[in-house]
Amino acid sequence: MANTELKSDNLFEMMKIHLATDAGKELTKKICLVYQINIAPKKIGFDEVSYVVDLKKGEVTKGQYEGGKPDAIFSFKDDDFIKVATGKMNPQIAFMRGAMKIKGSLSAAQKFTPDIFPKPAKL
């Protein structure tokens with residue numbers, strides 16, 4: 001695993017704070033799934049950093065999921081993940097272009113939309 005600073009790291013930190021809010025708690029109740037997201041600096045499958053977005057407990061942790069199998073596993077390049085998370089790239093288009101790879105339940109994967117991410121504050 002690489003010790004590279006990813007643009008996505010900041011987004012996951014914001015997500016931890018977001019899930020602690022009332023809006024985040026509503027999201028947890030509504031989705032109730034566990035996602036593992038693998039982020040690669042340059043190429044999917046190489047030097048990936050894993051995050052677990054647990055929308056059952058409302059937690060975001062760095063590292064592989066240890067409670068069995070996550071409902072869905074996504075793999076992205078860092079830049080593509082930021083585009084999907086900020087709504088600049090449609091997740092279905094990302095999948096069709098090969099910018100996102102999915103393992104696990106497709107119905108669970110379809111609930112993974114940009115809506116689950118906090119919106120950046122407008123200054």
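Let's start at helix α5, residues 106–110, because one residue there, Ala 109, counts as buried at 8% relative accessibility. Keep in mind that this is a predicted model.

What does Ala 109 touch, leaving out residues up to four places away in sequence? Tyr 35, Ala 72, Phe 74 and Ile 102. Now take Ile 73. Ala 109 and Ile 73 are 36 residues apart in sequence. In space, their C-alpha atoms are 8.1 Å apart.

Now step back to the whole chain. How many helices and strands does the chain have? Five helices and five strands. Along the sequence they run α-α-β-β-β-β-α-α-β-α. The radius of gyration is 13 Å, close to the 14 Å that the globule rule gives for 123 residues, so the chain is as compact as a globular protein of that length. The C-alpha trace spans about 40 × 35 × 30 Å along its principal axes.

Next, contacts and burial. Of the 123 residues, 43% are buried. Look at contacts between residues at least 6 apart in sequence: 65% of them join residues at least 24 apart.

Then the surface. The accessible surface comes to about 7500 Å². Carbon and sulfur atoms account for 53% of that area. As for charge, the chain has 20 positive and 15 negative charges. The mean positions of the two sets are 5 Å apart.

On to helix α2, residues 22–31. Which residues of α2 are buried? Gly 24, Leu 27, Thr 28 and Ile 31. They cover an arc of only 100° around the axis, so they sit on the same side of α2. There is a general point behind this. An α-helix has 3.6 residues a turn, so residues three or four places apart point the same way.

What do the buried residues of α2 pack against? Helix α1, residues 7–19, and strand β1, residues 34–40. Turn to the face of α2 that points away from this buried side. That face carries exposed residues: Asp 22, Lys 29 and Lys 30.

Follow the chain just past α2 and you reach Cys 32. Cys 32 is in the loop between α2 and β1. Its phi is positive, about 50°, although Cys 32 is not a glycine. Is Cys 32 buried or exposed? Neither outright: with a relative accessible area of 40%, Cys 32 is partly exposed.

A second residue to look at is Asp 47. Asp 47 lies in the loop between β1 and β2, with β2 covering residues 49–54. Phi of Asp 47 is near 55°, a positive value in a residue other than glycine. Asp 47 is partly exposed, and its relative accessible area is 48%.

Last stop: helix α3, residues 78–85. Its buried residues are Asp 78, Asp 80, Phe 81, Val 84 and Ala 85. Note that two aspartates, Asp 78 and Asp 80, are on that list. The buried residues cover an arc of only 160° around the axis, which puts them on the same side of α3.

Where does that side pack? The buried residues of α3 pack against α1, β1, β4 and α4. For orientation, β4 is residues 72–77 and α4 is residues 91–97. Recall that α1 and β1 are also what the buried residues of α2 pack against. Just after α3 comes Gly 87, with a positive phi of about 80°.

How values were computed
Residues are numbered from 1 along each chain as its sequence is written. This is a predicted model: local features need pLDDT of at least 70, side-chain atom pairs count only at pLDDT 80 or more; totals for chains, interfaces and linings use all residues. Side-chain values use heavy atoms; hydrogens and water are left out. Helices (H or I, at least four residues) and strands (E, at least two) are DSSP runs, numbered from the N terminus. The radius of gyration is taken over C-alpha atoms; the globule rule is 2.2 Å times the number of residues to the power 0.38. Buried means under 20% relative accessible area, exposed over 50%, partly exposed in between (1.4 Å probe, protein chains only). Contact means heavy atoms within 4.5 Å. Accessible areas come from the Shrake-Rupley method with a 1.4 Å probe; for residues, only the protein chains shown count as cover. Lys and Arg count as positive and Asp and Glu as negative; His and the chain ends are not counted. The place of a charge is taken as NZ of Lys, CZ of Arg, CG of Asp or CD of Glu. The arc is that of the directions from the helix axis to the C-beta atoms.
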